[in-house]
Amino acid sequence: MSTRGVSAPSDALASPPPGAAPPGYFDAASTEPLHPAAREVLLAAADEGWADPARLYGSARRARMLLDNAREIVAAVVGARPDEVTFTASGTQAIQLGMLGSVAARRRQGAGPRAVAVSAVEHSAVLQTAAHLARHESTTTAEVGVDRDGLVDAAEFAAAVDDDTVLACLQAANHEVGTVQPVDEVAARCADLGVPLLVDAAQAAGRLPLPQGWSVLTASAHKWGGPAGVGVLAIRRDVRWRSPLPDDERGGGRVPGFENVPGALAAAAALRARWEEADAVADRQRELVDHIRARIPELLDDVDVVGHPTLRLPHLVTFSCLYLDGEALVSELDRAGFAISSGSSCTSSTLRPSHVLAAMGALTHGNVRVSLTRDATRADVDRFLAAVVEVVTRLRAGLEAL
């Protein structure tokens with residue numbers, strides 16, 4: 001099946017082999033195909049882990065053992081204790097619970113101003129939860145800017161954390177441009193002041209060593225090849241946290257409702273598999289991304305490659321094409337057989353200008369985010385580069401003809 005020609009329909013990407021990405025799928029930062037290790041475990045766990053893990057009979061004890069095993073695997077990868085890890089319904093839910101619960105635990109009657117410190121390039125789930133806290137808990141938001149590479153200055157972020165700060169949030173790595181943030185340096189300042197630090201590790205988990213100075217860590221299984229609908233919320237034992245939801249005996253009082261045992265176990269299996277292959281996959285992906293970063297400015301005029309050149313995720317690169325619209329690029333590259341992202345990855349259905357690129361002072365329109373799966377090859381990348389050149393050249397020619 002060929003999906004490389006300009007006339008290839010987008011539905012040609014619909015039937016990849018089990019466990020493999022469709023040819024031309026370059027949007028792994030949105031979601032990865034199910035890892036082969038997760039697929040195998042998910043099917044087995046559906047047969048063995050279906051019972052209620054809170055009950056005492058045999059099948060329930062088996063489900064509980066599987067759930068505990070999943071928690072142990074995830075804890076080992078993220079650098080936590082098993083009892084600090086809880087599974088949620090998504091990475092977004094983990095962020096919301098992590099932030100709301102941290103602030104709820106630190107609420108003081110009659111206290112002075114309370115602030116939540118965030119970087120300007122956090123995922124929308126963090127920024128929207130901070131806005132929710134400002135509306136409903138009368139907090140203020142201290143937003144720390146970034147440089148042209150999307151990098152937070154650790155000293156500037158540390159200066160934004162003071163005695164009035166109730167929570168700080170800094171992502172491990174950016175979801176749009178791939179820049180890795182100085183979490184451990186910021187963590188030292190937070191620890192000195194007793195301020196909890198929430199780290200969104202959605203893009204870094206399973207790909208890079210994670211920072212260890214966090215108080216609350218969140219992640220999302222479908223980003224590393226686990227099933228959708230499984231998030232991770234890890235809270236250090238010595239961190240004050242109180243559920244913002246009604247009391248529930250499930251999930252250690254953190255996440256209400258019946259646990260998704262098969263999903264949790266498959267998520268853990270995928271994470272362990274990705275972690276075991278992380279170095280080899282990262283080496284291949286860095287070489288491919290370096291090739292894209294070097295070739296795009298050589299092949300096309302008026303193209304800006306953004307994100308830090310070295311402090312970045314191995315699989316992700318974003319570039320902006322002057323004079324063009326992101327929606328047109330997505331549509332035309334889709335017709336050419338390539339799935340890419342443009343605009344803010346969190347709001348791609350409307351393709352609003354990216355708040356990340358705006359914070360960096362970069363071009364907010366005509367941007368292309370390429371994020372490679374574990375199966376991507378040099379041949380895939382070269383075909384993509386050829387397609388980009390053809391699409392951009394044709395679209396610009398159309399504009400000149402108007």
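Student: Which residues here are linked in a network of salt bridges?

Tutor: Glu32, Arg207, Arg274, Glu277, Arg374 and Asp375 are. As a general idea, side chains of opposite charge can pair when their charged atoms come close. The rule used here asks for a side-chain nitrogen of Lys or Arg within 4 Å of a carboxyl oxygen of Asp or Glu. Keep in mind that this is a predicted model, so local features need pLDDT of at least 70 and side-chain atom pairs count only at pLDDT 80 or more, while totals for chains, interfaces and linings use all residues. Side-chain values use heavy atoms, with hydrogens and water left out, and residues are numbered from 1 along each chain as its sequence is written.

Student: How many salt bridges does the structure hold?

Tutor: It holds 21. Take Glu48 and Arg62, whose side chains meet at 2.5 Å, N to O. Glu48 sits in helix H1 (residues 36–48) and Arg62 in helix H2 (residues 58–78), so this pair ties together parts that are 14 residues apart in sequence. Helices here are DSSP runs of H or I with at least four residues, strands are E runs of at least two, and both are numbered from the N terminus.

Student: Is Glu48 buried, partly exposed or exposed?

Tutor: Partly exposed, at a relative accessible area of 37%. The scale calls a residue buried under 20%, exposed over 50% and partly exposed in between (1.4 Å probe, protein chains only). Arg62 is partly exposed too, with 31%.

Student: Back to the network: where do Glu277 and Arg374 lie?

Tutor: Their side chains form a salt bridge at 2.9 Å, N to O. Glu277 is in the loop between H7 and helix H8 (278–299), and Arg374 is in the loop between strand E10 (367–371) and helix H11 (378–401), so the bridge ties together parts that are 97 residues apart in sequence. Both residues are buried.

Student: And how should I read a salt bridge inside one helix, say Arg383 with Asp380?

Tutor: Start with the spacing: these two are three residues apart in helix H11, so about one helical turn separates them. Their closest N and O atoms are 3.1 Å apart. Arg383 is partly exposed at 34%, while Asp380 is buried at 12%.

Student: Which other side chain does Asp380 join in a polar contact?

Tutor: Thr377, at 3.1 Å. A polar contact is a pair of N or O atoms within 3.5 Å; within protein, one must be able to donate a hydrogen and the other to accept it, and residues adjacent in sequence count only if both atoms are side-chain atoms. The Asp380–Arg383 pair also counts as a polar contact, at 3.1 Å.

Student: Zooming out, how is the chain divided into domains?

Tutor: Into domain 1 (37–275) and domain 2 (278–392), with bounds from an automatic or database domain assignment. Their C-alpha centres are 27 Å apart. The contact (heavy atoms within 4.5 Å) takes 27 residues from domain 1 and 30 residues from domain 2.

Student: How much area is buried between domain 1 and domain 2?

Tutor: About 2200 Å², with carbon and sulfur atoms giving 57% of it. That is the accessible area (1.4 Å probe) that two parts lose on being put together, summed over both.

Student: What holds for salt bridges and polar contacts between domain 1 and domain 2?

Tutor: The salt-bridge count between domain 1 and domain 2 is zero, yet 11 residue pairs are in polar contact across the interface (both at pLDDT 80 or more). On the side of domain 1 that touches domain 2, the elements giving two or more residues are helix H4 (124–136) and helix H7 (261–276).
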